[in-house]
Amino acid sequence: PPYCLGHIGYGVFPWKRQRGYASEALRQILPEAKDLGLAFVELTTDIDNVISQRVISANGGVKVEEFLKPQSSGGGEAIRFRIAL
């Protein structure tokens with residue numbers, strides 16, 4: 001839907017971070033997105049969320065743009081990444 005900033009979202013509880021769960025989860029969902037007929041997926045992250053940027057990049061994400069999120073999505077600076085499938 002137009003109000004969603006990307007195709008895939010994820011979160012990891014603080015006590016489970018730094019164990020590769022987000023990277024592995026993203027890696028596993030990409031074939032599912034391809035099977036749905038998508039040519040690519042887009043993911044967004046806050047500009048200061050370096051860890052999420054690394055997760056996306058490790059899975060083939062390429063930076064598309066920096067943008068300002070709408071207030072309905074919390075506002076602030078963000079980065080949009082695209083992963084070709």
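This passage walks through a predicted model, taking its first helix, a few chosen residues, its salt bridges and its largest pocket in turn.

Helix α1 is a handy place to start. The helix has 15 residues, which at 1.5 Å a residue should span 21 Å, and its end C-alpha atoms sit 22 Å apart, so the expected and modelled lengths agree. Four residues of α1 are buried, namely Ala-22, Leu-26, Leu-30 and Ala-33. These buried residues pack against β1, α2 and β3. What comes on either side of the helix is worth a look too. In the segment before α1 lies Gln-18, and this residue has a positive phi of about 65° even though it is not a glycine. That stands out because most residues other than glycine have a negative phi. Gln-18 is also exposed, because its relative accessible area is 66%, and the cut-off for exposed is over 50%. After α1 comes Gly-37, which has a positive phi as well, near 95°.

Next up is Leu-43, a residue of strand β1. With a relative accessible area of just 1%, Leu-43 falls under the 20% cut-off and therefore counts as buried. What does Leu-43 touch, once residues up to four places away in sequence are set aside? The list runs to Ile-8, Tyr-10, Leu-26, Ile-56, Ile-79, Arg-80, Phe-81 and Ile-83. One of these, Leu-26, is among the buried residues of α1. As for spacing, the C-alpha atoms of Leu-43 and Gln-53 are 9.5 Å apart, with their positions 10 residues apart along the chain.

Helix α2 has its own buried residue to look at, Val-55. The relative accessible area of Val-55 is 10%, so this residue counts as buried. Leaving out neighbours within four places in sequence, Val-55 is in contact with Tyr-10, Ala-22, Ser-23 and Leu-26. Tyr-10 and Leu-26 also turn up in the list of residues that Leu-43 touches. Val-55 and Val-41, on the other hand, are 14 residues apart in sequence and 14 Å apart in space, going from C-alpha to C-alpha.

Now for the charged side chains. How many salt bridges does a search of the whole structure find? It finds 5, and three of them are described here. One joins the side chains of Glu-24 and Arg-27, with an N to O distance of 2.5 Å. Both residues belong to helix α1 and are 3 residues apart, about one turn of the helix. Glu-24 has 31% relative accessibility and so counts as partly exposed. Arg-27, at 46%, is likewise partly exposed.

Another salt bridge pairs Asp-46 with Lys-69, and here the closest N and O atoms are 2.6 Å apart. This pair links distant parts of the chain, since Asp-46 is in strand β1 and Lys-69 is in the loop between β2 and β3, 23 residues apart. Asp-46 is partly exposed, with a relative accessible area of 32%. Lys-69, at 14% relative accessibility, counts as buried.

Glu-65 and Arg-80 form a further salt bridge, their closest N and O atoms being 2.8 Å apart. Again distant parts of the chain are linked, with Glu-65 in strand β2 and Arg-80 in strand β3, 15 residues apart. Glu-65 is partly exposed, its relative accessible area being 32%, while Arg-80 counts as buried at 15% relative accessibility. Arg-80 has come up before, as one of the residues touched by Leu-43.

That leaves the largest pocket, which has a volume of about 570 Å³. Of the 24 residues that line this pocket, the closest to its centre are Tyr-10, Ala-22, Asn-49, Ser-52 and Val-55. Some of these names are familiar by now: Val-55 is in contact with both Tyr-10 and Ala-22, and Ala-22 is a buried residue of α1. Which elements each supply at least two residues of the lining? They are α1, β1 and α2. By type, the lining divides into 9 nonpolar, 10 polar and 5 charged residues.

Notes. Residues are numbered from 1 along each chain as its sequence is written. This is a predicted model: local features need pLDDT of at least 70, side-chain atom pairs count only at pLDDT 80 or more; totals for chains, interfaces and linings use all residues. Side-chain values use heavy atoms; hydrogens and water are left out. On a 1 Å grid over the protein atoms alone, a cavity is a set of points where a 1.4 Å probe fits but cannot get out, and a pocket is an open set with protein on both sides within 12 Å along at least five of seven lines; lining residues have an atom within 4 Å of a point. Grid points are joined across faces, edges and corners, and a volume is the space filled by probe spheres set on the points. Ala, Val, Leu, Ile, Met, Phe, Trp, Tyr, Cys and Pro count as nonpolar, Asp, Glu, Lys and Arg as charged, and the others, Gly among them, as polar. A salt bridge is a side-chain nitrogen of Lys or Arg within 4 Å of a carboxyl oxygen of Asp or Glu. Buried means under 20% relative accessible area, exposed over 50%, partly exposed in between (1.4 Å probe, protein chains only). The expected span of a helix is 1.5 Å times one less than its number of residues. Contact means heavy atoms within 4.5 Å.
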